[in-house]
Amino acid sequence: MELTQKDKEFLLNSIREINDFPQPGIVFRDITTLLNNKEAFNFLMKYLKERYKSYNLDFIAGIESRGFIFGAALAHALDIRFVPIRKKGKLPYTTIPEKYSLEYGFSEIEIHIDTFSELDNPKVLLIDDLIATGGTAIAAANLIKQAKANLVESCFIINLKELQGSKELEKIAPIHCILNL
């Protein structure tokens, strides 16, 4: 199933733009309007299910926090497992950490050390709502690989192309972006 330009416009029109948030010059893409539009959300999830049903995935990994929404829904639709990738200090068991750069400093995300231990070389899809500079997504991809899993693809609802995060992430694993802005 390929999305037509009309399909992409339908999804894009379900996402609210907020100018100058969280700071001047930024156009924030608010996916809460997509989430509470049942036609748009159901259409998106049907598309993602169709796209990934033949990948024989074992896990969907979602990046905190909006990746949890799409990831858990897709894992349910595909009847597979969901794995949260969380900010430092949010997971209760032993974790694998990964630092990444921010404009002014560093941040860190984690995954449980035994997340994929039940399977040998499990197939994982990484998902989040948006990729910008790619720091968090690259760190998440590295975590999946450190946890001894096969990152099959990374999927994002929105790609902010000019920030080039998707280009950097492509060096690690294939990437699929639904809306390229």
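**Reasoning through a predicted model**

Modeller: Ile-144 has its place in helix H5 (residues 135–146). The model is predicted.

Biologist: Why is Ile-144 called buried?

Modeller: Its relative accessible area is 0%. Buried means under 20%. The value 0% falls under that limit, so Ile-144 is buried.

Biologist: Which residues is Ile-144 in contact with, leaving aside neighbours within four places in sequence?

Modeller: Ala-61, Ile-85, Phe-116, Val-124, Leu-126, Ala-149 and Leu-151. There is also a C-alpha distance to quote: Ile-144 and Ile-96 are separated by 9.5 Å, with their places 48 residues apart along the chain.

Biologist: Now strand S8 (residues 150–159), where Glu-153 is found. What makes Glu-153 buried?

Modeller: Glu-153 has a relative accessible area of 7%. The limit for buried is under 20%. At 7%, Glu-153 therefore counts as buried.

Biologist: How do you know that the side chain of Glu-153 makes a polar contact with the side chain of Arg-51?

Modeller: By distance: the side chains of Glu-153 and Arg-51 make their polar contact at 3.1 Å. The cut-off for such a pair of N or O atoms is within 3.5 Å. The value passes. A polar contact also links the side chains of Glu-153 and Tyr-52, at 2.5 Å. That passes too.

Biologist: What else is Glu-153 in contact with, leaving aside neighbours within four places in sequence?

Modeller: The list has Arg-51, Tyr-52 and Tyr-55. It also has Val-124, Leu-125 and Leu-126, and then Pro-174, Ile-175 and His-176.

Biologist: Arg-29 lies in strand S2 (residues 27–30). Why is Arg-29 buried?

Modeller: Arg-29 has a relative accessible area of 16%. Buried needs under 20%. So Arg-29 is buried by that test. Not counting residues up to four places away in sequence, Arg-29 touches Ile-15, Arg-16, Glu-17, Leu-130, Ile-158, Leu-160 and Leu-181.

Biologist: On to helix packing. Why are H3 and H4 called oblique to each other?

Modeller: Helix H3 (residues 38–52) and helix H4 (residues 66–78) pack at about 55°, with axes 10 Å apart. Roughly parallel needs an angle under 35 degrees, and roughly perpendicular needs 65 to 115. An angle of 55° fits neither of these, and it is not over 145. The pair is therefore oblique.

Biologist: Which residues in H3 meet which residues in H4?

Modeller: From H3: Phe-41, Leu-44, Met-45, Leu-48, Lys-49 and Tyr-52. From H4: Phe-70, Ala-73, Leu-74, Ala-77 and Leu-78. The classes come out as 10 nonpolar, no polar and 1 charged. Lys counts as charged, so Lys-49 is a charged residue in this contact. As for handedness, H3 passes H4 in a right-handed crossing.

Biologist: What makes H1 and H3 oblique to each other?

Modeller: Helix H1 (residues 5–13) and H3 pack at about 130°, and their axes are 9 Å apart. The perpendicular range is 65 to 115, and roughly antiparallel needs over 145. The value of 130° lies outside both, so the two helices are oblique. Their crossing is left-handed.

Biologist: Which residues in H1 and H3 meet?

Modeller: Asp-7, Phe-10 and Leu-11 in H1 meet Glu-39, Ala-40, Phe-43 and Leu-44 in H3. By class, the contact of H1 with H3 has 5 nonpolar, no polar and 2 charged residues. Asp and Glu count as charged, so Asp-7 and Glu-39 are in that class.

Biologist: Backbone next. What is the phi of Asp-79?

Modeller: Positive, about 60°, although Asp-79 is not a glycine. Most residues other than glycine have a negative phi. Asp-79 has its place in the loop between H4 and strand S4 (81–87).

Biologist: Why does Asp-79 count as exposed?

Modeller: Its relative accessibility is 72%. Exposed means over 50%, so Asp-79 qualifies. Lys-148 also has a positive phi, of about 65°. Lys-148 lies in the loop between H5 and S8. At 66% relative accessible area, Lys-148 is exposed under that over 50% rule.

Biologist: Which peptide bond ending at Pro-22 is cis?

Modeller: The one from Phe-21, with omega near 5°. Pro-22 is in the loop between strand S1 (16–19) and S2. Another cis peptide bond joins Glu-64 and Ser-65, with omega about -5°. Ser-65 is found in the loop between strand S3 (59–63) and H4. Most peptide bonds are trans.

Methods:
Residues are numbered from 1 along each chain as its sequence is written. This is a predicted model: local features need pLDDT of at least 70, side-chain atom pairs count only at pLDDT 80 or more; totals for chains, interfaces and linings use all residues. Side-chain values use heavy atoms; hydrogens and water are left out. Axes are lines fitted to C-alpha atoms, for helices over the stretch in contact, and angles run from 0 to 180 degrees between N-to-C directions. Helices (H or I, at least four residues) and strands (E, at least two) are DSSP runs, numbered from the N terminus. A crossing is left-handed if the near helix is turned anticlockwise from the far one by less than a right angle, and right-handed if clockwise. Contact means heavy atoms within 4.5 Å. Buried means under 20% relative accessible area, exposed over 50%, partly exposed in between (1.4 Å probe, protein chains only). A polar contact is a pair of N or O atoms within 3.5 Å; within protein, one must be able to donate a hydrogen and the other to accept it, and residues adjacent in sequence count only if both atoms are side-chain atoms.
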